[in-house]
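Here's a small set of exercises to work through with the coordinates open. Try each task before you read its solution.

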Amino acid sequence: MTSTDDERFMRRALELAATGRDRPGAGPIGCVIVLDGQVVGDGHNEVGIRHDPSAHAEIVAIRRACESLGRDDLRGATLYSTLQPCGMCSMASIWTSIERIVYGACRTDVHRMYFEDRHLDVLDIIDDAFRNDMTATGGLLLQECAALYYKPGDDPPEQEQANV
């Protein structure tokens with residue numbers, strides 16, 4: 001993939017995040033999964049819509065990609081997310097053999113409420129899983145992605161602070 005392709009797919013993830021931001025019960029995280037230059041799955045956070053704490057944007061997109069392809073292996077695929085994947089989403093990426101993770105905002109760019117533990121990091125999870133064939137790169141369209149979220153030091157409404 002070229003950097004132009006990466007930006008194009010991240011812009012699609014940004015569109016999905018904006019949809020999630022504006023949809024009651026959803027959240028402002030968007031994800032696109034690409035295989036052989038084609039989007040095979042996408043989604044935004046649907047935790048509150050589905051009443052399913054595992055319905056993060058990445059999990060929604062992985063489920064849709066696997067369903068659309070009729071398999072549970074996404075070997076060779078790239079996952080684009082507007083926010084650095086959490087531990088659960090990183091592990092799901094490992095289990096489905098995703099090859100690349102490309103994300104926009106990093107955990108240090110956003111309020112701590114978006115992550116379950118400040119000490120878990122997608123890169124550490126991948127390293128601990130001994131996945132030498134998987135890479136993760138952050139910071140693509142960083143400013144646009146980070147603009148979707150509360151910043152470090154912000155005082156978000158208490159009802160939105162699920163992980164704090």
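**Exercise 1: a charged pair across the fold**

Asp6 has a relative accessible area of 10%, so Asp6 is buried. This is a predicted model, so keep that in mind throughout.

Task: find the residue that forms a salt bridge with Asp6, and work out which parts the pair ties together.

Solution:
- Step 1. Start with the burial call: the cut-off for buried is under 20% relative accessible area, and Asp6 comes in at 10%.
- Step 2. Look for the partner. Asp6 forms a salt bridge with Arg100, and their closest N and O atoms are 3.0 Å apart.
- Step 3. Place both ends. Asp6 sits in helix α1 and Arg100 in strand β4, so the pair ties together parts 94 residues apart in sequence.
- Step 4. Recall the general idea: side chains of opposite charge can pair when their charged atoms come close.

**Exercise 2: more salt bridges**

Task: say how many salt bridges the structure holds, then sort Glu46 and Arg64 into buried or partly exposed.

Solution:
- Step 1. The count is 10 salt bridges.
- Step 2. One of them joins Glu46 and Arg64, with the closest N and O atoms 3.0 Å apart.
- Step 3. Glu46 belongs to the loop between β2 and α2, while Arg64 is in helix α3, so this pair ties together parts 18 residues apart in sequence.
- Step 4. Now the sorting: Glu46 has 4% relative accessibility and counts as buried, whereas Arg64, at 33%, is partly exposed.
- Step 5. Another salt bridge brings together the side chains of Arg75 and Asp73, at 3.0 Å from N to O. Asp73 counts as partly exposed, with 23% relative accessibility.
- Step 6. Finally, pick out the network of salt bridges that links Arg12, Glu15 and Asp42.

**Exercise 3: reading the sheet**

Task: give the strand order of the sheet, and explain why β2 and β5 each have one side without a neighbour in it.

Solution:
- Step 1. The five strands make an open sheet, ordered β2-β1-β3-β4-β5, with mixed pairing.
- Step 2. β2 (38–45) and β5 (135–138) are at the edges with a single partner strand each, so one side of each has no neighbour in the sheet.
- Step 3. From one strand to the next, the twist averages 15°.
- Step 4. Zoom in on one edge: β4 (residues 100–105) pairs with β5 in the parallel sense, over four bridges. Val102 has Thr137 in β5 as its bridge partner.
- Step 5. Add a helix. α3 (residues 57–69) packs on the sheet and touches β1 (27–35), β2 and β3 (78–83). The direction of α3 makes about 145° with that of β2.

**Exercise 4: core and surroundings**

Task: which residues have the most contacts inside the largest nonpolar core, and what does Ile33 touch?

Solution:
- Step 1. That core has 44 residues, and those with the most contacts inside it are Met10, Ile33, Ile62, Leu74, Leu79, Ile98 and Ile101.
- Step 2. Elements giving two or more residues to this core include α1 (3–22), α5 (122–128) and α6 (142–146).
- Step 3. Leaving out residues up to four places away in sequence, Ile33 touches, among others, Val39, Ile62, Leu74, Leu79 and Ile98.
- Step 4. For contrast, check Val47 in helix α2 (residues 47–50). Val47 has 26% relative accessibility and counts as partly exposed.
- Step 5. Val47 is 21 residues from Ala26 in sequence, yet their C-alpha atoms are 6.3 Å apart.

Conventions. Residues numbered from 1 in each chain as written. Predicted model: local features only at pLDDT ≥ 70, side-chain atom pairs only at ≥ 80, totals over all residues. Heavy atoms only, no water. Pairing = 2+ DSSP bridges. Axes fitted to C-alpha atoms, helices over the stretch in contact; angles between N-to-C directions. Contact = heavy atoms within 4.5 Å. Buried < 20%, exposed > 50% of the residue type's maximum accessible area, 1.4 Å probe, protein only. Core = buried A, V, L, I, M, F, W, Y, C linked by side-chain atoms within 4.5 Å. Salt bridge = Lys/Arg side-chain N within 4 Å of Asp/Glu carboxyl O.
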